[in-house]
Amino acid sequence: MEIIKEMKKYYANIWVLANPIIFYRMLKGFFRALVLRKNTLRVIELFPTFACQANCHFCSVDKYQADKKAVLTIDDYDRLARDGAKAGAAVVTILGGEPLMYPHLDELVAVFTKHHYYTHVVSNGLAVTTERLAELKKSGLKCIFFSIESLDPKVNDPIRGEGHVELTLRNLRWAQEIGLATGLGTVMMPGAMEHALGVIEYCEQNGLSASGGQIAPVGKAEDFSTLSSSEFEDVRQYLKKYPKLTFDWVFSYYLKQRCPAGKEKIGVTCFGDVVGCSYNPVSFGNYFEEPLGAILERMRSFSQFKKDFPGCLSSEDPEYIGNYLGPVCEATKHPVSYKDHPAITPENEPEVFGRR
Ligand SMILES: C[S@@+](CC[C@H](N)C(=O)[O-])C[C@H]1O[C@@H](n2cnc3c(N)ncnc32)[C@H](O)[C@@H]1O
Ligand code: SF4
């Protein structure tokens, strides 16, 4: 019963339980964690494009405008979906850049649907039309979240664009009308928690899911302050108060709050680089060059991913932010390979470099 409650809480979406293959993969994840004490991949974040029509002043992926040539094709994504499923993954979250600017988004959704993933898009909503939503649903999309920073246009629209609040409320309505699971995603900023709180309360009152992010000092936000300790405490209180609110680190197969990066969650860029998540621009290998399993094993042996931080490493853990994100922020391009990171050396991290 406890397991079922946890699964429902995570995506607040009964569909996860209604698909027998996803249900089986998740049960296996719980078994491996709770009985075998082993990690199982659960979520793959994808960044199929880094193009975006917006220019948010805190954008975590701003330095990903890479000049590499080869990008993953739909056939590569098909292979990735299969390899990810073998490693246990049950959910794909398509980010970017702006996912609706990726020209093959429908095929991408279809490929992961074929491999029995719960397919989820996070969008700024600017390119949404009823036709696009209907096409995506036809391709298998189950859920779309729209990012917004406040329900007050005076606060949100200077950040996300003129008319963005109105457009987001319209997008929510359209998504609900065609039967997609939907909700709002919002970033919590120090000294301005009331804006995110307003978004969370709106979701609660309207039966929508809310997904929170604590500002991570990376990309365009590299000089931002993190939340204060009392604000981190407030976040824990919000989680108790608002059942439809979730953060990436709220759920784990171990039935405790912990950062999933590199253990239960990975991010794969369109250039094949495998990172912990969208706030973690350290690459632990490239899918064009190595099998997913080898990269996953390397990530799981990284001291910081191993330590089971009970929150978000990149927005909350001073050790990780100071010693691991800090040096990466010096770089002009992301991601930075683990081999080039000054704190990830064969001496400090022998297992990462294959020396036990
Ligand atoms: C990188 S965006 C990509 C998807 C899409 N373009 C959007 O904005 O929804 C994914 C999510 O990360 C959030 N985000 C961006 N930069 C962040 C940061 N520095 N810290 C925490 N969350 C951030 C965005 O608000 C968005 O909800
Ligand atoms: S947060 Fe999303 S919408 Fe804003 S600039 Fe970054 S990718 Fe674009």
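Here is a walk through this predicted model, starting with its sheet and ending at its two ligands.

Let's begin with the sheet. It is an open one built from 9 strands, in the order 7-6-5-4-3-2-1-8-9, and the pairing is mixed. Strand 7 (245-246) and strand 9 (274-275) sit at the edges; each has a single partner strand, so one side of each is left without a neighbour in the sheet.

Now step inward to a run of neighbouring strands. Strand 3 and strand 4 (residues 143-147) run parallel and are joined by 4 bridges. If you want a spot to look at, find valine 121, whose bridge partner in strand 4 is isoleucine 144. Moving along, strand 4 also runs parallel to strand 5, this time with 5 bridges between them. Here phenylalanine 145 has glycine 183 of strand 5 as its bridge partner. Strand 5 then pairs with strand 6, again in the parallel sense, over 6 bridges. In that pairing, valine 187 stands opposite glycine 213 of strand 6.

Strand 5 deserves a pause. How many of its 8 residues are buried? The count is 8 of the 8, so strand 5 is largely enclosed by the rest of the structure. Look at either face and you find it covered: Ala181, Gly183, Gly185 and Val187 are buried on one side, and Thr182, Leu184, Thr186 and Met188 are buried on the other.

What links strand 5 to strand 6? Together with helix 9, the two strands make a right-handed β-α-β unit. Helix 9 covers residues 193-205 and packs on the sheet, where it touches strand 5, strand 6 (209-214) and strand 7. The direction of helix 9 makes about 165 degrees with that of strand 5.

With the sheet in mind, turn to the ligands. Ligand 1 is surrounded by 22 residues, and the closest are Ser60, Ser147, Gly213, Ala216 and Ala221. Two strands from the sheet, strand 3 (118-123) and strand 5 (181-188), each supply at least two residues of this shell. By type, the shell around ligand 1 divides into 12 nonpolar residues, 9 polar and 1 charged.

Ligand 2 has its own set of neighbours. Cys52, Ala54, Asn55, Cys56, Cys59 and Val61 surround it, along with Gly96, Gly97, Glu98 and Asn124. That shell divides into 5 nonpolar residues, 4 polar and 1 charged.

Terms used. Residues numbered from 1 in each chain as written. Chains lettered and ligands numbered in written order. Predicted model: local features only at pLDDT ≥ 70, side-chain atom pairs only at ≥ 80, totals over all residues. Near = placed C-beta within 6 Å. Nonpolar A, V, L, I, M, F, W, Y, C, P; charged D, E, K, R; others polar. Pairing = 2+ DSSP bridges. Contact = placed C-beta atoms within 7 Å. Axes fitted to C-alpha atoms, helices over the stretch in contact; angles between N-to-C directions. Buried ≥ 20, exposed ≤ 12 C-beta atoms within 10 Å, placed from the backbone. Right-handed = clockwise from strand over helix to strand, strands pointing away.
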